[in-house]
Amino acid sequence: LGKALPTGARRHWHSMDATPSKVDAGGFGVLGAVCRTPERYDPSILFPVPRDRGRMPLGLAGAPPPFEGEDVWNAYELSWLSRNGVPRRHVLEMRMPCDSPNIVESKSLKLYLNSLNHKRFESADQLLVTIRSDLKTVLGGWWMGVDIALHEHDHPGSVCARVPPLSSFECIDATLDDEELDADVLDTPDASHVRLAMGAAEEEPVRERLVTHQLRTLCPVAHQPDWGSVYIEYEGPRLDRGSILKFVVSLRKAVSLHEATIERIWLALREGGQPTELRVTGRFMRRGGIDINPTRELRKPVTTTPAPFQRSSD
């Protein structure tokens, strides 16, 4: 599923003092390498990472996932030159479907966007066409669509359009304040923490919007903390809020990509609560001028109506 790093890209990184061992270590491209800012437009900088790399530990590799959704990336450091050489700066919003074969390694995306800093474009539309084409090549799949848009420089960042206003979610961060939390809870991810609330089986189904801001995981290469918030929407038997928080904080030492982290949480909530509707959104803090916001939700059943039979005219 993955796309090999083009030979030209390896030459490019040699010229910027990134050793081959660092460039290719773990299959994450330039992540962890020391690289100078590109001075010319170069789409070969973009590095694909197969989604199966993050899904394999979840038992999802090699098969269609049980969810649908998208990844919304906001890049706050996009700059280019107008046709008469005047610098422009905007926020770039990128929406990528979660069933693309690959994702883009985030540091390679940052460097790619930096490579646009000194390139002239006839219009903003031409810039977007160029970026969309370059991203589509890296994501893989001839059918793959990439929705991108420009926003003013003070844009706060976007999430999936289907997610309701984030202010409408109820915070669950205080639900464990009266409980003594064993240290080993924070050492090992454990989806079995998630359970139904007491008496939920005898109650009517509920519809809730919950959020916790206690998500911490580790970068697969740098092993530095990634911080984020988890927004949960579900309908079904009432979930125990403390059990949700306990599972989320059990991920504090988990080494994972942002996308796979949200998929892991989605799977735990589905298994622990058997909801009829479930949507999980991660709002990660920005690193390198980019924030990543994956959303996963129950895949809607596909219903098709057979086409009416038509007798051949001959």
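This talk covers one strand, two cavities and one lysine in a predicted model.

Start with strand 2, residues 67-81. Of its 15 residues, 13 are buried. Strand 2 has partners. With strand 3, residues 87-97, it runs antiparallel, joined by 10 bridges. Leucine 78 sits opposite histidine 90 in that pairing. The hairpin of strands 2 and 3 has 5 residues between the strands. Glycine 85 in this hairpin has a positive phi near 85 degrees. Strand 10, residues 290-298, also pairs with strand 2, antiparallel, over 9 bridges. There, alanine 75 faces isoleucine 290.

Now the cavities. How many of 30 Å³ or more does the structure hold? There are 2.

The second largest has about 40 Å³ of space. Its lining includes Ala75, Leu78 and Ile290, along with Lys110 and Asn114. Strand 2 and helix 4, residues 106-114, are the elements that each give two or more residues to that lining. By class, the lining has 4 nonpolar, 3 polar and 2 charged residues.

The largest cavity has a volume of about 60 Å³. Among its lining residues are Arg51, Arg55, Glu259 and Glu263. Helix 3, 51-55, and helix 7, 258-273, each supply two or more. The classes here are 3 nonpolar, 1 polar and 4 charged.

Last, lysine 246, in helix 6, residues 241-249. Is lysine 246 buried or exposed? Its relative accessible area is 18%, and the cut-off for buried is under 20%, so lysine 246 counts as buried. Beyond its neighbours within four places in sequence, lysine 246 contacts Leu176, Glu179, Leu181, Val185 and His193.

Conventions: Residues numbered from 1 in each chain as written. Predicted model: local features only at pLDDT ≥ 70, side-chain atom pairs only at ≥ 80, totals over all residues. Heavy atoms only, no water. Helix = DSSP H or I, 4+ residues; strand = E, 2+ residues; numbered from the N terminus. Buried < 20%, exposed > 50% of the residue type's maximum accessible area, 1.4 Å probe, protein only. Contact = heavy atoms within 4.5 Å. Pairing = 2+ DSSP bridges. 1 Å grid on protein atoms, 1.4 Å probe; cavity = no way out; pocket = protein on both sides within 12 Å on 5 of 7 lines; lining within 4 Å. Points joined across faces, edges and corners; volume = space filled by probe spheres on them. Nonpolar A, V, L, I, M, F, W, Y, C, P; charged D, E, K, R; others polar.
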